[in-house]
Amino acid sequence: FIESLSLQEVASSFTCLFRQFTGRSSLPELKNVFVTKWFSNPYTRGSYSHISINSTGDMIDLLTEPLPQATEGSGSPMLQLLFAGEATHRSYHSTTHGALLSGWREAERLIDLYSTK
């Protein structure tokens, strides 16, 4: 579906989502967006990630770190951006199962965050 939208429609939609989830109604419009066309590309028709022979599990784990990250000596910042998807699961990368589990992982992160406040 997203491939059928104009870049302006994508930018506007994500700006609205970012404003809603961060609680910052004054958040400026996105300056630029990039949308892949993997689904409609006749040579790929969709794609999954793959891990290079030079990749490590620590590199995959790094993809799961929410932003902004805590800096040394400061309190834990309010999470604004979480990452899920099959590329972020150490054991089930490149699979639908990995995408599902990573979504559950990030949902659990949010539940833990908001249930302690």
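Leu30 is partly exposed, with 30% of its relative area accessible. In this predicted model, Leu30 sits in the loop that runs between α1 and α2 (57–63). Leu30 is also one of the residues in a nonpolar surface patch, together with Ile2, Phe14, Leu17, Phe18, Phe21, Leu67 and Leu81. Taken together, these residues offer about 640 Å² of accessible area.

**The aromatic pair in α1**

Two members of that patch, Phe14 and Phe18, deserve a look of their own. A pair of aromatic rings is described by the distance of the centres and the angle of the planes. The count for this model comes to one aromatic pair. It is formed by Phe14 and Phe18, whose ring centres are 6.1 Å apart and whose planes make an angle of 50°, so the pair is tilted. The reasoning is simple: the centres fall within the 6.5 Å limit, and an angle that is neither under 30 degrees nor over 60 is called tilted.

Both phenylalanines belong to helix α1 (residues 7–22), where they are four residues apart, about one turn of the helix. Are their side chains buried or exposed? Neither extreme applies: Phe14 is partly exposed at 32% relative accessible area, and Phe18 is partly exposed at 31%.

**The largest pocket**

The pair also takes part in the largest pocket, as Phe14 and Phe18 are among the residues that line it. This pocket holds about 340 Å³ of space. Its lining consists of Phe14, Leu17, Phe18, Phe21, Thr22, Leu79, Gln80, Leu81, Leu82, Leu110, Leu113 and Tyr114. Two elements, α1 and α3 (96–115), give two or more residues each to that lining. Which of the elements gives the most? That is α1, with five residues.

Leu17, Phe21 and Leu81 are named in the pocket lining, and the nonpolar patch includes Leu17, Phe21 and Leu81 as well.

**Salt bridges**

Side chains of opposite charge can pair when their charged atoms come close. How many salt bridges does a search of the whole structure find? The search finds five. Three of these pairs are set out here, with the N to O distance for each.

| Side chains | N to O distance |
|---|---|
| Glu29 and Arg19 | 3.9 Å |
| Arg105 and Glu106 | 2.6 Å |
| Glu106 and Arg109 | 2.7 Å |

The bridge between Glu29 and Arg19 links a loop to a helix. Glu29 lies in the loop between α1 and α2 while Arg19 lies in helix α1, so the pair ties together parts that are ten residues apart in sequence. On the surface scale, Glu29 is partly exposed at 41% relative accessibility, and Arg19 is partly exposed with a relative accessible area of 24%.

Glu106 appears in two rows of the table, once with Arg105 and once with Arg109. Glu106 is buried, at 5% relative accessible area, because buried means under 20%. Its partners sit in another class: Arg105 counts as partly exposed at 25%, and Arg109 counts as partly exposed at 26%. Glu106 and Arg109 share helix α3, three residues apart, about one turn of the helix. Elsewhere, Asp58, Asp61 and Arg90 are joined into one network by salt bridges that share partners.

**Two further residues**

Ile53, like Leu30, has its place in the loop between α1 and α2. Ile53 is exposed, with a relative accessible area of 82%. Its C-alpha atom is separated by 14 Å from that of His93, and the two residues are 40 apart along the chain.

His97 belongs to helix α3 and counts as partly exposed, at 39% relative accessibility. Between the C-alpha atoms of His97 and Leu81 the separation is 22 Å, with their positions 16 residues apart along the chain.

**The whole chain**

Stepping back, the protein has three helices and zero strands, and its elements run α-α-α from the N terminus on. Along the principal axes, the C-alpha atoms fill a box of roughly 45 × 35 × 25 Å. Of the 117 residues, 15% are buried, and Glu106 is one of the buried residues.

Terms used
Residues are numbered from 1 along each chain as its sequence is written. This is a predicted model: local features need pLDDT of at least 70, side-chain atom pairs count only at pLDDT 80 or more; totals for chains, interfaces and linings use all residues. Side-chain values use heavy atoms; hydrogens and water are left out. Rings of Phe, Tyr and Trp (its six-membered ring) pair if their centres lie within 6.5 Å; planes under 30 degrees apart count as stacked, over 60 as edge-to-face and the rest as tilted. Buried means under 20% relative accessible area, exposed over 50%, partly exposed in between (1.4 Å probe, protein chains only). Patches are made of residues with over 30% relative accessible area and no salt bridge: like charges are joined within 9 Å, nonpolar side chains (Val, Leu, Ile, Met, Phe, Trp, Tyr) within 5 Å. Accessible areas come from the Shrake-Rupley method with a 1.4 Å probe; for residues, only the protein chains shown count as cover. A salt bridge is a side-chain nitrogen of Lys or Arg within 4 Å of a carboxyl oxygen of Asp or Glu. On a 1 Å grid over the protein atoms alone, a cavity is a set of points where a 1.4 Å probe fits but cannot get out, and a pocket is an open set with protein on both sides within 12 Å along at least five of seven lines; lining residues have an atom within 4 Å of a point. Grid points are joined across faces, edges and corners, and a volume is the space filled by probe spheres set on the points.
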